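The following exercises concern the reading of a protein–ligand model. Each task is followed by a solution in steps.

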Amino acid sequence: MSQVATLFSKTKIDYSWSFSDKTRKDTAYITHGYHRYPAKFIPQIVSRLVEKYTNEGDLIVDPMCGSGTTIDVAKEIKRKVIGYDLNIVRPDVIKNDSRAIPLEENSVDFVFIDPPYSDNIKYSNDERCIGKISCEKIEFYDELEKTASEIARILKPDKVMGWVIADQWIKKKFTAVGFLMWQRLEKYFEPMDIVCITRHNQTSNTGVWHNRARQFNFYLRGFKYLFIMKKS
Ligand SMILES: C[S@@+](CC[C@H](N)C(=O)[O-])C[C@H]1O[C@@H](n2cnc3c(N)ncnc32)[C@H](O)[C@@H]1O
């Protein structure tokens with residue numbers, strides 16, 4: 001068997017980014033993490049990343065793990081995992097502010113993070129929640145940058161992190177949150193890839209939203225960025 005064939009026979013990684021389209025009703029949504037959590041992330045995407053960038057026994061960290069999607073995915077594929085958040089909805093999540101992660105430097109194999117994208121969702125009453133700051137303020141990026149620098153500190157050299165973020169269009173004002181965040185992340189990490197995450201059953205593709213878009217003059221678009229970057 002050629003070297004390439006051996007490599008492919010050993011790996012079961014699926015490199016596609018299209019998943020079964022029942023989204024919130026999908027079993028993966030229900031079994032991974034507390035499914036009613038606001039802005040719960042898509043487990044299959046976390047799983048792709050963890051499978052691709054780590055090996056069995058590696059340590060995965062999610063500094064803002066919310067419902068614990070990353071915890072469930074990592075355990076399922078036999079990785080060690082630590083999930084932090086300020087809003088505790090299950091006992092295996094550790095209460096911690098992402099701007100000061102209680103781990104040694106160069107100790108983690110992969111980080112996944114899906115932070116607040118602005119102040120559009122109320123996660124908790126904790127004053128330290130970055131989701132209380134609008135993405136229209138510089139402070140939002142300053143605070144997330146502190147988290148980025150912590151991720152860079154705890155990651156082992158050459159190890160990878162996945163960072164999810166989305167732009168904002170609210171009250172006739174567009175904010176390029178993705179580009180603004182990327183500029184901050186580039187100070188700490190080397191770019192590897194950007195994936196655009198869209199929903200097959202995008203809820204804006206309905207008559208009501210088409211009418212609103214015409215009336216208020218905005219585009220029907222909706223995607224999130226998944227930044228894949230390496231500790232440089
Ligand atoms: C988009 S949600 C994460 C959802 C998660 N990926 C999931 O699948 O359930 C963002 C999370 O960031 C948390 N958060 C906001 N500011 C934080 C901070 N300073 N430290 C730790 N967590 C924070 C919120 O409590 C919220 O759970």
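**Exercise 1. The ligand site**

Determine which residues of this predicted model are closest to the ligand, and how the surrounding shell divides by residue class.

Solution.

Step 1. The ligand is surrounded by 24 residues, and the closest are Y37, F41, S67, T69 and D85.

Step 2. Sorted by class, the shell comprises 12 nonpolar, 6 polar and 6 charged residues.

Step 3. Individual polar atom pairs can then be listed. The side chain of S67 places a polar atom 2.6 Å from an oxygen atom of the ligand. For F41, a polar backbone atom is 2.7 Å from a ligand oxygen. A nitrogen atom of the ligand lies 2.9 Å from a backbone N or O atom of I130.

Step 4. The ligand alone would expose 610 Å², and the protein buries 100% of that area.

**Exercise 2. The protein as a whole**

State how many helices and strands the protein has, and what share of its residues is buried.

Solution.

Step 1. The secondary structure consists of 7 helices and 9 strands.

Step 2. Of the 232 residues in the protein, 49% are buried.

Step 3. The exposed area of the protein is about 12600 Å², of which carbon and sulfur atoms supply 53%.

Step 4. Contacts between residues at least 6 apart in sequence may be examined for their range: 67% of them join residues at least 24 apart.

**Exercise 3. Two helices and a pair of residues**

For helices α3 and α4, establish which residues are buried, and give the spatial separation of E51 and A74.

Solution.

Step 1. Helix α3 spans residues 43-53. It is mostly covered, with 9 of its 11 residues buried. These are P43, Q44, I45, V46, S47, R48, L49, V50 and Y53.

Step 2. E51 belongs to helix α3. Its relative accessible area is 24%, so E51 is partly exposed; the cut-off for buried is under 20%.

Step 3. Helix α4 covers residues 69-76, and because 6 of its 8 residues are buried, it is largely enclosed by the rest of the structure. The buried residues are T69, T70, I71, D72, V73 and A74. T69 is also one of the residues closest to the ligand.

Step 4. E51 and A74 stand 23 residues apart in sequence, and their C-alpha atoms are 8.9 Å apart.

Step 5. Just after α4, K78 adopts a positive phi of about 60°.

**Exercise 4. The surroundings of D109**

Is D109 buried or exposed, and which polar contacts does its side chain make?

Solution.

Step 1. D109 is located in strand β4, residues 108-113.

Step 2. D109 is classed as buried because its relative accessible area is 5%, against a cut-off of under 20%.

Step 3. Setting aside residues up to four places away in sequence, D109 touches T54, D58, L59, L155, K156, K159 and V160.

Step 4. Two of these neighbours can be taken further. The side chain of D109 reaches the backbone nitrogen of L59 at 2.8 Å, and it makes a polar contact of 2.9 Å with the side chain of K156.

Step 5. D109 and L59 are 50 residues apart along the chain, yet 5.3 Å separates their C-alpha atoms.

**Exercise 5. Strand β6 and the loop that follows**

Describe the accessibility of Q168, and of K171 and K172 in the loop between β6 and β7.

Solution.

Step 1. Q168 lies in strand β6, residues 168-170. Its relative accessibility is 9%, so Q168 counts as buried.

Step 2. Beyond its neighbours within four places in sequence, Q168 is in contact with S118, C135, E136, K173, F174, T175, V177 and R221. With E136 there is a polar contact between side chains, at 3.3 Å.

Step 3. K171 is found in the loop between β6 and β7, and K172 lies in that loop. K171 is exposed because its relative accessible area is 78%; K172, at 65%, therefore counts as exposed, the cut-off being over 50%.

Step 4. Neither backbone angle belongs to a glycine: phi of K171 is near 45°, and K172 has a positive phi of about 65°.

**Exercise 6. Cysteines**

How many disulfides does a search of the whole structure find, and are C129 and C135 buried or exposed?

Solution.

Step 1. The search finds 0 disulfides.

Step 2. C129 is buried because its relative accessible area is 10%. C135, at 1% relative accessibility, therefore counts as buried.

Step 3. C135 is one of the contacts of Q168.

Definitions and conventions. Residues numbered from 1 in each chain as written. Predicted model: local features only at pLDDT ≥ 70, side-chain atom pairs only at ≥ 80, totals over all residues. Heavy atoms only, no water. Near = heavy atom within 4 Å. Polar contact = N/O pair within 3.5 Å; in protein donor to acceptor, adjacent residues only side chain to side chain. Areas by Shrake-Rupley, 256 points an atom, 1.4 Å probe, with all protein chains shown as cover. Nonpolar A, V, L, I, M, F, W, Y, C, P; charged D, E, K, R; others polar. Helix = DSSP H or I, 4+ residues; strand = E, 2+ residues; numbered from the N terminus. Buried < 20%, exposed > 50% of the residue type's maximum accessible area, 1.4 Å probe, protein only. Contact = heavy atoms within 4.5 Å. Disulfide = S-S within 2.5 Å.
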